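Let's take a walk through this one together, starting with the contacts of a single residue and then stepping back to the whole chain. Have the viewer open as you read.

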Amino acid sequence: PDTSTVSFRVVIRRGDVCDFDFNPFNDEQIISSSADLTVMVGPPLSVTRALEFPEGGLTETITQPILKLEGHHRKVAFVEFNPVANLIITLLLRISHERTSRTSDGSAKIWDLGTQEELNTFNCKALPQDLHWNYSGSLFCVSTKDKMNRIFDPRENRVICEWSPHDGTKATKMTWLGETPRIVTTGFNR
């Protein structure tokens, strides 16, 4: 087996990177979100070949994204690809602490990267802290600062379930348990 180390740089941002995710349909496509209110897809190598890294790896620093989603009025804190729908992503927006001291608003947005269109917006009711799609890509769960987890059905644009997993004030993290309808959470008690 090849034990050599491959190192490369993708420099397509000026602001701090908040989150990134690799496309589950193409391991060579990456998306990142930033405190500068943008979401970028890189690298810019071939639009027709799903934005892939070149065979054999990168030989130079990438400085331009292939796609830039702009127009968000809040910091894009999280990005995650849908696990079964190619080029469908979910973004979590939160108020930037640099712009206001209030942190009582947040939303999740679903984008189609193929058409560069926003498909839907969901009110998270509080500052979002974590987001994950279920195994089948039909539901997503968001944990929020109001100590709640909410499961959204994006096709019906509604919350189908909400609960308080932990009493503590620190962030709650969660993930779906494989193909089951169950979620495991981590958090703190008071």
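Contact here means heavy atoms within 4.5 Å. Keep in mind that this is a predicted model. With that cut-off, and leaving aside residues up to four places away in sequence, N86 touches N23 and F25.

Where does N86 sit? Look in the loop between β5 (75–81) and β6 (88–94). N86 counts as partly exposed because its relative accessibility is 42%, and that category runs between the buried limit of under 20% and the exposed limit of over 50%. Now pick out its partner N23: the two are 63 residues apart in sequence, yet their C-alpha atoms are 7.8 Å apart in space. Their side chains also meet in a polar contact, at 3.3 Å.

Next, slide over to D21, which is part of strand β1 (residues 17–23). What does the side chain of D21 offer to F81? One of its polar atoms lies 2.8 Å from the backbone nitrogen of F81. Again skipping residues up to four places away in sequence, D21 touches Q29, I30 and I31, and also V79, E80 and F81.

Time to zoom out. The chain has 14 strands and zero helices, so if you're hunting for an H or I run of at least four residues, there is none to find. Of the 190 residues, 44% are buried. Among contacts with a separation of 6 or more, 40% come from residues 24 or more positions apart. As for the outside, the accessible surface adds up to about 10800 Å², and carbon and sulfur atoms hold 48% of that.

Definitions and conventions
Residues are numbered from 1 along each chain as its sequence is written. This is a predicted model: local features need pLDDT of at least 70, side-chain atom pairs count only at pLDDT 80 or more; totals for chains, interfaces and linings use all residues. Side-chain values use heavy atoms; hydrogens and water are left out. Helices (H or I, at least four residues) and strands (E, at least two) are DSSP runs, numbered from the N terminus. Buried means under 20% relative accessible area, exposed over 50%, partly exposed in between (1.4 Å probe, protein chains only). A polar contact is a pair of N or O atoms within 3.5 Å; within protein, one must be able to donate a hydrogen and the other to accept it, and residues adjacent in sequence count only if both atoms are side-chain atoms. Accessible areas come from the Shrake-Rupley method with a 1.4 Å probe; for residues, only the protein chains shown count as cover.
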